[in-house]
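Hello,

Here is the structure I promised to pass on. My notes follow below it.

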Amino acid sequence: MDIRKKTVVIVCITLLCLILALYISSEVIVLGGFSRVETQNAQKETNRVLVALGNDINALDAVTYDWASREDTIAFVTANTSGTEWSRLDPDTFERLGFNEILLYNSSGSLISGQGYDLNRHTLVPVPPGLHSPPSVYLHLKFQNGSSTGIMGIADFSDGPMMIAIRPVFAGRENQHVAGYVLMGRYIDTTEISRLSSLAQLPLEMHGYSAGDLPQDFITILPMFPASSIPFIQRVGKDALTIDAPIIIEPINSTQLGGYSLIRDISGKPVLIIKVGIDRGIYDQGKSTTLYFVVLLIIAGLVFGLATLLLLEKTVLSRLERLSRGVNEIGRKRDFSARVHIAGEDEIGGLAGRVNGMLEDLEQSQNVLHDKLIQSEENYRLFFNSVTDPICVCRMNPDNSLGRIVEVNDAACEVLGYQRAEFLEMHLSDLLPGERSGGVDLPTEILQSFGHVIYAGAVSTKTGKRIPVEVNARTFDQFGHPAIAVIVRDISEREEIEHLKKEAFQQIEKNLQDFAVLNDHIRNPLQGIVGIADMMDGAPAQKIITYATMIDEIVNRIDRGYIESEKIHEFLRKYYGIGKK
């Protein structure tokens, strides 16, 4: 892969990693922020529904307080006439107030008067049994709360959960003795849910906490609510109210969130679960924004990446390619006198300058090496041709057989009679005929094993004359190819000297044997002469004996010399083969 492709790959990988990192960052940070904002908005929307519900309870409590403070209410309660119908409990009142229950109790909690109303059918209905004397809500107020300001909240009855408000009726404006209680209530039914949904402009769904037919999402969300016993709405001080309803936000699907809230009754027991459906507009907007951002980032990345590649191509890659192409061309041609031409004052221009400087140094070194090579070749030729023995160099064939001659010295041309050009057309086997002409073949196996061999053979001259020679062959590597250098030395004179030496030694051997025979031939007559002289008397006989003794001494010395010559004879027999039979 060339540098241009590597650059494109690096830029693409960098751009891809950058887009991926930004996409992940946008998913984590941007969409996470949108998700948090969406959750906060969902909590606000759910809380808005809860506030609306709380406002309804507060409005119910305000009306209850107003009725408990009226003179006619005080007069009716203090009269304590059980079973008497209160004249104000007519259908118009219930329709105008939108209540389902208006009840009056005496101070002991017994129902004095009251009426129920069905807002859907617009008819009066009996008071539910659960609100007769003594009502549980009243007991809670009187015996646990101990407050004289009343109570409000949600209570669960057999007909369903109800918003209720209870206010004490005092005996007089100056008399704070509690004469009775006013209870007003409104069922939290589909009408109330629809009204709350209209006020909040949000889809609303409500189920009883203990209902057996809860939807699956309600069942899933129930364990997530924290344990608590705080009622849904409480009065703090004289005028302030607090709402306590845990909210859990969970996605319903990809387009809607669910704000789930747990409503507890006036005794702190769970009674209702409210689900507020909230469109995921913020999250969708975040996804659209992230998508647009990523698309724009990809487009911008492609544009900037392409611009970066074009700039790199113009300022770096094309110049590097020209530099590389120029250097490769110089290396291919081995022309160190050539130069690369790259304009610019940057690092690439500096690199081109350094390459040119290196080429100049290489050119100078090449010239110096060329001169040294010529001088070395001349010295080689001088040394090669100064050898008086013929030298032949031949290449080895791939099958390790002797190949064509590639070099000879002047002595080979003089001794063997061939021209140099003729040698270069011949094989080494043409000069060393070997066994085919009664000689000895070149021991190639020994040569390959040891790399060197010396043996006696013969060489053929151009005229066909066979010259006995000593062949000294050695293998070597010639520019990566196996080759053999063969030195042939003419041993004709050596063989003639050896022949003459052998004849001389044989003559000496013969003379030694003649001396031994001569000694025997001298001693026998000499003994006869000495015997005759012993039979004679006088001076002549004495002289004869004296001369005979002298001759015998000479013969003894010859015998001792012959004994010494036996050692010489043994040496000649051992090292020259003279006298062997």
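**Aromatic pairs**

Three aromatic pairs turn up in a search of the whole structure. In one of them, Phe94 and Tyr117 have ring centres 5.4 Å apart and planes at 10°, so this pair is stacked. The pair joins distant parts of the chain: Phe94 sits in helix α3 (residues 91–97) and Tyr117 in strand β2, 23 residues apart. Phe94 and Tyr117 are buried.

Phe218 and Tyr260 make an edge-to-face pair, with 5.6 Å from centre to centre and 85° between the planes. Here too distant parts of the chain are linked: Phe218 belongs to helix α6 (residues 216–221), Tyr260 to strand β11 (residues 256–264), and their positions lie 42 residues apart. Phe218 and Tyr260 are both buried.

Please keep in mind that this is a predicted model.

**Overall picture**

The protein has 581 residues, and 36% of them count as buried. There are 14 helices and 17 strands. Among contacts with a separation of 6 or more, 54% are between residues 24 or more positions apart. The accessible surface is about 33900 Å², and carbon and sulfur atoms account for 58% of that surface.

**Cores**

The largest nonpolar core has 48 residues. Which of them touch the most other members? They are Leu53, Ile102, Ile154, Phe232, Ile263 and Ile274. Helix α1 is the biggest contributor to this core, with nine residues.

Ile102 is worth a look. Leaving out residues up to four places away in sequence, Ile102 touches Phe94, the stacked residue from above, as well as Trp67, Trp86, Leu89, Thr93 and Leu97. The list for Ile102 also includes Ser113, Gly114, Gln115, Leu183 and Met184.

Another core lies apart from this one. That core has 26 residues, among them Cys413, Phe423, Met426 and Val486.

**Salt bridges**

The whole structure holds 17 salt bridges. Asp61 takes part in a bridge with Arg167, at 2.9 Å from N to O. That link spans 106 residues, from helix α1 (Asp61) to strand β5, residues 160–170 (Arg167). Asp61 is buried because its relative accessibility is 3%, under the 20% cut-off. Arg167 is buried as well, with a relative accessible area of 11%.

Asp61 also forms a salt bridge with Arg235, and the closest N and O atoms are 2.5 Å apart. This pair links helix α1 to strand β8 (residues 233–236), with Asp61 and Arg235 174 residues apart.

Arg70 and Asp66 meet in a further salt bridge, at 3.1 Å from N to O. Are these partners buried or partly exposed? Arg70 is partly exposed, with a relative accessible area of 31%. Asp66 is partly exposed too, at 36% relative accessibility. Elsewhere, Asp56, Arg186, Glu192 and Arg195 are joined into one network by salt bridges that share partners.

**Surface patch**

Leu20, Tyr23, Ile24, Val28, Ile29 and Val30 make a nonpolar surface patch of about 550 Å². Val28 is found in helix α1, which covers residues 3–69. Val28 is exposed, because its relative accessible area of 55% is over the 50% cut-off.

**Backbone and loops**

Most residues other than glycine have a negative phi. Two residues here are worth checking against that.

His122 is not a glycine, yet has a positive phi of about 60°. His122 lies in the loop between β2 (111–118) and β3. With a relative accessible area of 48%, His122 is partly exposed.

Gln201 is not a glycine either, and has a positive phi of about 55°. Gln201 sits in the loop between α5 (190–200) and β7 (204–208). At 65% relative accessibility, Gln201 counts as exposed.

One more loop residue: His132, between β3 (123–125) and α4 (136–145). His132 is partly exposed, with a relative accessible area of 36%. Beyond neighbours within four places in sequence, His132 contacts Leu111 and Val127. The C-alpha atoms of His132 and Ile112 are 9.5 Å apart, with the two positions 20 residues apart along the chain.

Best wishes

Technical notes
Residues numbered from 1 in each chain as written. Predicted model: local features only at pLDDT ≥ 70, side-chain atom pairs only at ≥ 80, totals over all residues. Heavy atoms only, no water. Patch = residues over 30% accessible without salt bridge, like charges linked within 9 Å, V, L, I, M, F, W, Y side chains within 5 Å. Areas by Shrake-Rupley, 256 points an atom, 1.4 Å probe, with all protein chains shown as cover. Salt bridge = Lys/Arg side-chain N within 4 Å of Asp/Glu carboxyl O. Helix = DSSP H or I, 4+ residues; strand = E, 2+ residues; numbered from the N terminus. Buried < 20%, exposed > 50% of the residue type's maximum accessible area, 1.4 Å probe, protein only. Contact = heavy atoms within 4.5 Å. Phe/Tyr/Trp six-rings, centres within 6.5 Å; stacked < 30°, edge-to-face > 60°. Core = buried A, V, L, I, M, F, W, Y, C linked by side-chain atoms within 4.5 Å.
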